[in-house]
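Student: I would like to learn how to read a few features of a structure, one at a time. Could we go through this one together?

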Amino acid sequence: MQEERIELLRPQMGTSRALTVRRYGKAETGPKVYFQAALHADELPGVITLHHLEALLKEADAKGEIAGEIVVVPFANPIGFTQYVDMKPIGRFEMRSGENFNRHYPDLSAALIEAVDGKLGQDADANVKLIRAELRRLIVKHRKDISPLSDLQDLRLTLAELAIDADYVMDLHCDWEAPMHLYISDHNWPDAADLSAQIGSECSLIAEISGGNPFDETFTRPWVELRRVYGDKFPIPMATLATTIELRGERDVYDEYAIPDAANMFKFLQRRGVIAGDPGPLPEPKCDATPLSGVDRVMASHGGMVVFAVEAGAKVKAGQELGYVLDCETGAKTPFSSRTDGILYSRIGIRLIVPGGYLCSVAGEKPLAGREGQLLLSK
Ligand SMILES: [Zn+2]
């Protein structure tokens, strides 16, 4: 294992922040896997999962069982780690700009299409090598093109540079109150069905473009667009699997979850030939993929206290009362429901709600009217 500390751009006099990066295995000897946790800084289930996964990786590395390289960024957001208001961590948005830490990542698709023009051939492996080399070059160029660079942009670019040429990009997040679920490109599906089954995902949401340029799409979109332009003439595999894994809810920081979750990610890598050893039989999948455009975001029409009637993870019906918002001044109870049958896979973690405030999400099997463009929640 090699450990590196990457100093980030100093945002202010007297301040400094750094990313810890640990590398297992050996670069250029096989697939490259990239893990990060807590890009939204207060989402800690991924941090404890990587803590346990790294113990397994260390052992496998010592035995020479890792083919290729596994890069781990155990906590990806030192900026967000120090943001608190009224004793509550604020990890989703940067407080200075108001920007979501998991949006505004570079889309290198157009530059890549131009860069490989005239260079692709009939050897798929050679094409993948060429494309990865160009992606490495383009992300460095992209950094040079941004001037001046803020510490937030530096953080985003540093993470993107670490993952840009990976075969697997695993971005570990969590929801407020939720069962295990994941987001992935529809171009990575059904390839990723084994990952979904192995980690016990209860809701696997697919979309080509979810809106706002989240981290994971930086690594899949260039392949999708390249295949669209050149795929008829040249063999270009969908060479990168990138996913956002939501390790349940923000308070689900327990060894009881994290140890099996780490073991499941280790088994997935064994199944994919990154780590030696038998992963055992693939567990029965808990869900099939459903479209992100089939998610109904249920919002509050009135202010008040939310009183949920169903748990996160429940299967619900369209029109079923999922809870109500209580206005204790008027006594008014406003029930809320979803437009679709499906799994209630996300529930807000607070109980004091304003009109237009987010309540919960239900994932149905079919796209819903009006669900296009910005498919993820908030900017
Ligand atoms: Zn998150």
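Student: Which residues of α7 are buried?

Tutor: This is a predicted model, so the values are computed from it. The buried residues of α7 are E217, T218, F219, T220, R221, P222, W223, V224, E225, L226 and Y230. That is 11 of its 14 residues, and α7 is mostly covered.

Student: What span should the 14 residues of helix α7 have, and how far apart are its end C-alpha atoms?

Tutor: The expected span is 1.5 Å times one less than the number of residues. For helix α7 (residues 217-230) that gives 20 Å, and the end C-alpha atoms are 19 Å apart, which agrees.

Student: Which atoms coordinate the zinc ion?

Tutor: Look for N, O and S atoms within 2.8 Å of the metal. Here H40 and H173 each coordinate the zinc ion through ND1, and E43 is listed twice through OE, at 2.0 to 2.6 Å. In sequence, the spacing of the donor residues is H-x2-E-x129-H. The pair H40 and H173 links distant parts of the chain, 133 residues apart: H40 is in the loop between β3 (32-37) and α1 (45-62), and H173 is in strand β7 (residues 168-175).

Student: Why is the arrangement around the zinc ion irregular?

Tutor: Four donors count as tetrahedral if all angles lie between 85 and 135 degrees. The 4 donor atoms here subtend angles of 54 to 146°, so the arrangement is irregular.

Student: Are H40 and H173 buried or exposed?

Tutor: Buried means under 20% relative accessible area. H40 is buried, at 3%, and H173 is buried too, at 1%.

Student: Where is F93, and what is its relative accessible area?

Tutor: F93 is in the loop between β6 (88-89) and α3 (109-115). Its relative accessible area is 25%, so F93 is partly exposed. F93 and R132 are 39 residues apart in sequence and 31 Å apart in space, C-alpha to C-alpha.

Student: How many residues line the second largest pocket, and which lie nearest its centre?

Tutor: Rolling a probe the size of a water molecule over the atoms shows where empty space is left. The second largest pocket has a volume of about 500 Å³. It is lined by 18 residues, and E28, G30, R132, R136 and D165 lie nearest its centre.

Student: Which helix gives the most to that lining, and what classes of residue does the lining have?

Tutor: α4 gives the most, with 5 residues. Both α4 (124-145) and α5 (151-163) supply at least two residues each. By class, the lining has 11 charged, 6 nonpolar and 1 polar residues.

Conventions:
Residues numbered from 1 in each chain as written. Predicted model: local features only at pLDDT ≥ 70, side-chain atom pairs only at ≥ 80, totals over all residues. Heavy atoms only, no water. 1 Å grid on protein atoms, 1.4 Å probe; cavity = no way out; pocket = protein on both sides within 12 Å on 5 of 7 lines; lining within 4 Å. Points joined across faces, edges and corners; volume = space filled by probe spheres on them. Helix = DSSP H or I, 4+ residues; strand = E, 2+ residues; numbered from the N terminus. Nonpolar A, V, L, I, M, F, W, Y, C, P; charged D, E, K, R; others polar. Donors = N, O, S within 2.8 Å, 3.2 Å for Na, K, Ca; no water. Tetrahedral: all angles 85-135°; square planar, octahedral: opposite > 155°, others 65-115°. Buried < 20%, exposed > 50% of the residue type's maximum accessible area, 1.4 Å probe, protein only.
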